[in-house]
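Here are a few notes to read alongside the model. I have kept them short, so do look at the picture as you go.

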Amino acid sequence: MAACEYSIRVNAYHDGELPGAQCREVEEHLSGCPACAAELEQLRGFSHVLGSLVIPRVSPSFVRHIQALAQPLEEVLLIRFGRRLTAAAAAVMLLATGYWVMNHQAPAAPAASAVTFASWEQQVIYPDAHDAAAGSDSAFDDFLRQDLSGARP
Ligand SMILES: [Zn+2]
């Protein structure tokens, strides 16, 4: 048996959640639909049973005891969460570092013999040596060697 399309509205009607026009519409429907009328009676029965239940009173000392238990538990859970978050962050950092190391190699330092200076650089650094030995780098090399070793006055 298929449920009536008004079934959901009957629940809302029972709970007093429908506005006036919809409330009247459901009331009219209830008079002509035995399934919805039965559902409403069932809901009223449940409400009556639930309303007659006696809810036990909890003593203030019991409430204080539960609160005292909850406070350390909350701290333990917070500390545990912090530790797990720290471990996860460390793992991510290690993976990222490993990835970076695997994919980034330091550029090779140029060999000393591979360093060359263009003609205009030689002229800027030591114009006399360049003029004196046009076409040869030996005078410039000598100048650099003496300059870097501190032998040049
Ligand atoms: Zn119905």
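1. Let's start with helix H4, which is hardly covered: zero of its 44 residues are buried (buried means 20 or more other C-beta atoms within 10 Å of the residue's own, with C-beta atoms placed from the backbone). Please keep in mind that this is a predicted model, where local features need pLDDT of at least 70, side-chain atom pairs count only at pLDDT 80 or more, and totals for chains, interfaces and linings use all residues. Numbering starts from 1 along each chain as its sequence is written.

2. H4 covers residues 60–103, and its end C-alpha atoms lie 64 Å apart, which agrees with the 64 Å that its 44 residues should span at 1.5 Å a residue (the expected span is 1.5 Å times one less than the number of residues).

3. For the protein chain as a whole, the secondary structure is seven helices and zero strands (DSSP runs, numbered from the N terminus: H or I of at least four residues for helices, E of at least two for strands). Of its 153 residues, 5% count as buried.

4. How do H1 and H3 meet? The axes of H1 (residues 7–14) and H3 (residues 34–52) come within 10 Å and cross at roughly 35° (axes are lines fitted to C-alpha atoms over the stretch in contact, with angles from 0 to 180 degrees between N-to-C directions). Ser7, Val10, Asn11 and His14 of H1 make the contact with Cys36, Glu39, Leu40, Leu43 and Arg44 of H3 (contact means C-beta atoms, placed from the backbone, within 7 Å).

Technical notes
A residue is buried if 20 or more other C-beta atoms lie within 10 Å of its own, exposed if 12 or fewer, and partly exposed in between; C-beta atoms are placed from the backbone. Two residues are in contact if their C-beta atoms, placed from the backbone, lie within 7 Å.
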